[in-house]
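Q: Please take a close look at one part of this structure, its largest pocket. Describe the lining and the aromatic residues there, then set that part against the rest of the fold.

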Amino acid sequence: MSQLKNGSSQYLWSSICIVLLLTSMARKAVSSNYVDALTKTHLYFEAQRSGKLPSNQRVTWRGDSALRDGSDVHVDLTGGYYDSGDNMKFGFPMAFTTTMLAWSSIEMAPQLKAHNEYENVLAALKWSTDYLIKAHPQPNVLYGQVGEANSDHACWMRPEDMTTPRPSYRIDAQHPGADLAGETAAAMAAASLAFAPSDKAYAITLIRHAKELFEFAKAHPGLYQSSIPNAGGFYASSGYEDELLWAAAWLHRATNDHRYLDYLTHASSSGGPRTVFSWDDKFVGVQVLVAKLTLESKSENRGKIAEYRRMAEQFICNCAQKGSNNVKKTPGGLLWFLPWNNLQYTTTASFVLSAYSKYLEAGKASIQCPNGVLHASDLLNLARSQVDYILGSNPQKMSYVVGVGTNYPKKPHHRGASIVSIYKSKAHMTCTEGFKEWFDNPAPNPNVLSGAVVGGPNENDAYGDQRDDFQHNEPALVTVAPLVGVLAAVA
């Protein structure tokens, strides 16, 4: 009898060990997936580069392009990033991308360094800030777009040999755009924090541009698409109050100058309850940055400051399904906000969860939602669940990050990736020939756009990998930038 008991106990112990081993292996596999995705997001930014490519360019199917940008106005506007699957440089979403890349590098610096990706984030960030500095040649002048969007979208050409017009569009004192100037100010201020530890001179340059752009935005209100109508059909802004607050929040964090905090506390509105955080609506970002001050006890949690924090936590409660106006979830568990490129909103929300988790932990605080309490670990676990969905734990068993896993989008809506590399074929095609030869081609893209995040599934988790479905299958800069920080947080 004792022998039987002893054998049973050995069997039980062996079973426990096997379960623990399998669990450990599963965790390592998942963590490896996070790191792989993190590494590849930086390759995506390299694939989106415009201008003269550097000698250490790792995405070798791309070449130099748009080397005369800005020549029409005698300003060097080469560089920066192509926006999504086109060959446009839209300043408004590019600046938001820059701000989110900077925020990712600031908040998740230790994790990025641990996975040897910190320098790659700074390289991606500098490719953008170098361009934004050139786009701001005078205090009250900011170039906000290069390329004519309608003719660009009417052609299917790789950037290396495009023949579409490349006009330069700007805002100035007579043609204002407080939203564009404010977002670019936020980008410069956030980036100054990212570069301050390694390049103080560059950080000082960025702060100078940020301050000038903030003053420009305050003194000359207005929507930027009134001055750059060509942008209106693609990235129309719904208001500029959020960008001014966003810029003030980042300038305060970068300079600790209380004038910027005063601007936030004397604002007519904190933004109120928000349903998304995006390139067009920065209120949630502002609310989170101000809430951080109270959690660090750098500002009293009362009055307008307390209102910002309440609104930030209301958004978080809704994402966590513990609020009074919960964010919709697909049957497979994805936070679902809007039909067009939903993953851009999922990644920004997931970044908010990741960053706020860190702030709560540092402040030894929690969130009291209408339907329960949220701790720091709850927020990070929710962010992780969204990353897991994006990387393949979904009804389609599809990774929505190109190049991660084996089942990922093979035909994302992207000109450069869908056309054979200029290094393999220098054959030039006209605007419409590209559609016939490549866009309508049923074969997978000849170039893998590693690290790109497509628009994602619909509200029922359905997805079709079709090149002509730009609503669900076009990658964008604004989707990937916040994901960098989330991946670093959970890896």
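A: What follows starts at the pocket, moves to its aromatic residues, and then turns to the cavities, the core and some single residues.

The model is a predicted one. Its largest pocket has a volume of about 450 Å³. The lining is made up of 22 residues, and those nearest the centre of the pocket are Asp83, Ser84, Tyr235, Trp340 and Glu474. Sorted by class, the lining holds 12 nonpolar, 6 polar and 4 charged residues. Two helices, α9 (229–235) and α17 (431–439), each give at least two residues to this lining. The largest share, 3 residues, is supplied by α9.

Two of the residues nearest the pocket centre, Trp340 and Tyr235, also take part in aromatic pairing. The structure as a whole has 25 aromatic pairs. In one of them, the ring centres of Trp340 and Phe470 are 5.8 Å apart and the ring planes stand at 45°, so this pair counts as tilted. The two partners come from separate places: Trp340 sits in the loop between β5 (335–336) and α14 (343–363), whereas Phe470 belongs to helix α18 (residues 470–473), so the pair ties together parts that lie 130 residues apart in sequence. Trp340 is partly exposed, because its relative accessibility is 46%. Phe470 is partly exposed as well, because its relative accessible area is 39%. Tyr235, for its part, belongs to a cluster in which ring pairs link it with Phe90, Phe92, Tyr224, Phe234 and Trp279.

The loop that carries Trp340 has another feature. Asn341, also found in the loop between β5 and α14, has a positive phi of about 50°, although Asn341 is not a glycine. Asn341 is buried, because its relative accessible area is 6%, which is under the 20% limit for that class. A second non-glycine residue with a positive phi of about 50° is Ala66. Ala66 lies in the loop between α1 (2–47) and β1 (89–90), and Ala66 counts as buried because its relative accessibility is 14%.

The closed spaces come next. A search of the whole structure turns up 3 cavities of 30 Å³ or more. The largest cavity has a volume of about 60 Å³. Its lining consists of Ala47, Gln48, Arg62, Tyr82, Gly85, Asp86, Asn87, Pro159, His414, Arg415 and Gly416. By class, these residues divide into 3 nonpolar, 5 polar and 3 charged.

Arg415 and Gly416, which line the largest cavity, have numbers that fall within helix α16 (residues 415–418), where Ser418 is found. Ser418 counts as buried because its relative accessibility is 1%. With neighbours within four places in sequence left aside, Ser418 is in contact with Trp156, Trp438, Asn445, Pro446 and Arg467. The C-alpha atom of Ser418 is separated by 38 Å from that of Ala320, and these two residues are 98 residues apart along the chain.

Trp127 offers another view of contacts between parts of the chain. Trp127 is located in helix α4 (residues 118–134) and counts as buried because its relative accessibility is 17%. Leaving out neighbours within four places in sequence, the residues in contact with Trp127 are Arg49, Ser50, Lys52, Leu53, Pro54, Gly79, Gly80 and Tyr81. The C-alpha atoms of Trp127 and Thr98 are separated by 9.4 Å, with their positions 29 residues apart along the chain.

The nonpolar interior completes the picture. The largest nonpolar core contains 147 residues, and the members that touch the most others are Trp103, Trp246 and Tyr356. The largest share of this core, 12 residues, is drawn from helix α6 (residues 178–195). Tyr356 shows what such a member meets: apart from neighbours within four places in sequence, Tyr356 is in contact with Val288, Ala291, Leu295, Arg309, Ala312, Glu313, Ile316, Ile367 and Leu379.

To return to the pocket, Trp340 is among the residues nearest its centre, and the ring of Trp340 pairs with that of Phe470 in a tilted arrangement. Tyr235, likewise among those nearest the centre, is a member of the aromatic cluster that includes Trp279.

Definitions and conventions. Residues are numbered from 1 along each chain as its sequence is written. This is a predicted model: local features need pLDDT of at least 70, side-chain atom pairs count only at pLDDT 80 or more; totals for chains, interfaces and linings use all residues. Side-chain values use heavy atoms; hydrogens and water are left out. A nonpolar core is a set of buried Ala, Val, Leu, Ile, Met, Phe, Trp, Tyr and Cys residues joined through side-chain atoms within 4.5 Å. Buried means under 20% relative accessible area, exposed over 50%, partly exposed in between (1.4 Å probe, protein chains only). Helices (H or I, at least four residues) and strands (E, at least two) are DSSP runs, numbered from the N terminus. Contact means heavy atoms within 4.5 Å. On a 1 Å grid over the protein atoms alone, a cavity is a set of points where a 1.4 Å probe fits but cannot get out, and a pocket is an open set with protein on both sides within 12 Å along at least five of seven lines; lining residues have an atom within 4 Å of a point. Grid points are joined across faces, edges and corners, and a volume is the space filled by probe spheres set on the points. Ala, Val, Leu, Ile, Met, Phe, Trp, Tyr, Cys and Pro count as nonpolar, Asp, Glu, Lys and Arg as charged, and the others, Gly among them, as polar. Rings of Phe, Tyr and Trp (its six-membered ring) pair if their centres lie within 6.5 Å; planes under 30 degrees apart count as stacked, over 60 as edge-to-face and the rest as tilted.
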